[in-house]
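Q: Could we go through this structure together? I am new to it and would like to start with the charged residues.

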Amino acid sequence: MRAGRLTASVAGIITLTLTAAGCGLSGTSGGGDSTAGGCKVDKGNVGSGELTGDIKGQITFQTTNLKKDFGDFFNGVIDDFEKAHPGAKVKWIDDPGDNTFTQRTVADAQACTLPDVLNLNAETATALTKAGYLLNLGAKDPDVAKPFVPAFWKSSTFKDASGSAIHTTLPWYTGGVLLTYNTDLLKKAGVDPAKPPTTLFGLFADYEKIAKAGKGKYYATMANPVWRIPADFDQMNIRTLSADGRSAVFADDPRTTQWVAWMAKLYKEGAMPKDSLSSSNDPSTLYSQGKVAYGSTNPSFVRFVKQNSPSVYARTGVGQQPFDALGHTTAAPQYISVAATSKHAPVALSFAEFLTNAENQTAWCKDPNVVIFPTTTTSLNDPFFQKVSGSDPFSQARKLVAEQLKTTTAYQTNLSPAVQNAIVAEVQLAMQGKKSPEQAVKDAQSKANELLKQAG
């Protein structure tokens, strides 16, 4: 897996009006016809009633770019499910997960041909939930929430056409957020690696110390704010968008201007490489060369350093990313959903729950070829995460993130690429001294609102 920040800051919501010609489907989950999106479906697939029916029939299960590396694991899960339910068959397909994934999945929904069980990101789940193409899992199985971390489950919702937040997804695997740092460079700057800051402004103050000590020979972090917006705002509990998502409100919070002022100050003082302001590169390369004090916040980055720069890995420490005003961490999980257009919804729902149960989540997260974390309480309490014998950075990172995830939420602000880029561009102008922080924030909100209005 690539080293990089696993947050929703580089994801976006595509607000779509989804319509489709009705497609004739026969059902086995309650009899009679209803509609989901523009598709005719069995009436048991929609509404508030619990889903019932035999676990019989063939379904299609779609993952996102997983078959090449994890074929044995998922084929084993499918075999186990089919043995437990002799009347059920699962056909596994794998999507490449490129930047047209949402558009292609929406097209499948409009054609009434969604796979029965889908691996989705937040962007695609948002669009499909709003249009009514996903099963309301919370309504269809009253016990569906039991395995998952309560705070995680509570926040894993998406809004339907009426604006109500419903559970159309099961939180599956996730990354995490932590501080990775070069302990030698921190000590040279007078920063105690054993006492990570509890606020983002406290972290910025440490960046400033590194700038003064490094004097251009090494830096604190990368400059491009695309890695931090809106993730930093979320952690500071600054509301980026209004409750309905139709307008930007971040300029209303004075801390936003303070944040931009800090970024401008740090850039001017040399805490960040000047040529990294518009670069999309994360800290991986420069950190591995000992030229940047803080690495990526993605736990998989620790493994990247171990494999690519053993000498820097020996000087790497991990610590808690500042919880700041939010008080806990957030995660950007991958999700499992069930199509409301499924002809065999009872089979699909049963398989989705089997795939995401504690046993299967724990087994996959122990795979040495992957750096991911589970979303079930039982899995996070497994000795693999809790009884870490090693003191090496990778072992400590695993334990730290697993502990964080017990109280995490899936709440993260989703911005379209256009809106995010508009905000980032204004912050970059402030960092270059071409605008005051106050004006940059005001202009960023104005441009974001123009784009949100156009999106409807």
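A: Asp232 has a relative accessibility of 0% and counts as buried, where buried means under 20% relative accessible area, exposed over 50% and partly exposed in between (1.4 Å probe, protein chains only).

Q: Which residue does the side chain of Asp232 meet in a salt bridge?
A: The partner is Arg228, at 2.7 Å from N to O. A salt bridge is a side-chain nitrogen of Lys or Arg within 4 Å of a carboxyl oxygen of Asp or Glu. Arg228 is buried too, with 7% relative accessibility.

Q: Which residues are joined into one network by salt bridges that share partners?
A: That network consists of Glu426, Lys435, Asp443 and Lys447.

Q: How many salt bridges does the structure hold?
A: There are 12 salt bridges.

Q: Before we go on, what kind of model is this?
A: This is a predicted model, in which local features need pLDDT of at least 70, side-chain atom pairs count only at pLDDT 80 or more, and totals for chains, interfaces and linings use all residues. Residues are numbered from 1 along each chain as its sequence is written, and side-chain values use heavy atoms, with hydrogens and water left out.

Q: What is the mean pLDDT of the chain?
A: The mean is 90, and 93% of the residues reach 70 or more. pLDDT is the predictor's confidence in each residue, from 0 to 100.

Q: Where does pLDDT stay under 50?
A: That applies to residues 1-30, for which the model has 105 contacts beyond four places in sequence. A contact means heavy atoms within 4.5 Å.

Q: Back to the pairs: what does Asp184 bind to in a salt bridge?
A: The side chain of Asp184 meets that of Arg315, at 3.4 Å from N to O. Asp184 lies in helix H6 (residues 183-188) and Arg315 in the loop between helix H12 (310-313) and strand E10 (316-319), so the pair ties together parts that are 131 residues apart in sequence. Helices (H or I, at least four residues) and strands (E, at least two) are DSSP runs, numbered from the N terminus.

Q: Is Asp184 buried or exposed?
A: Asp184 is partly exposed at 34% relative accessibility, and Arg315 is partly exposed at 28%.

Q: And which residue forms a salt bridge with Arg104?
A: Arg104 pairs with Asp95, and their closest N and O atoms are 2.6 Å apart. Arg104 is partly exposed, with a relative accessible area of 28%, whereas Asp95 is buried at 9% relative accessibility.
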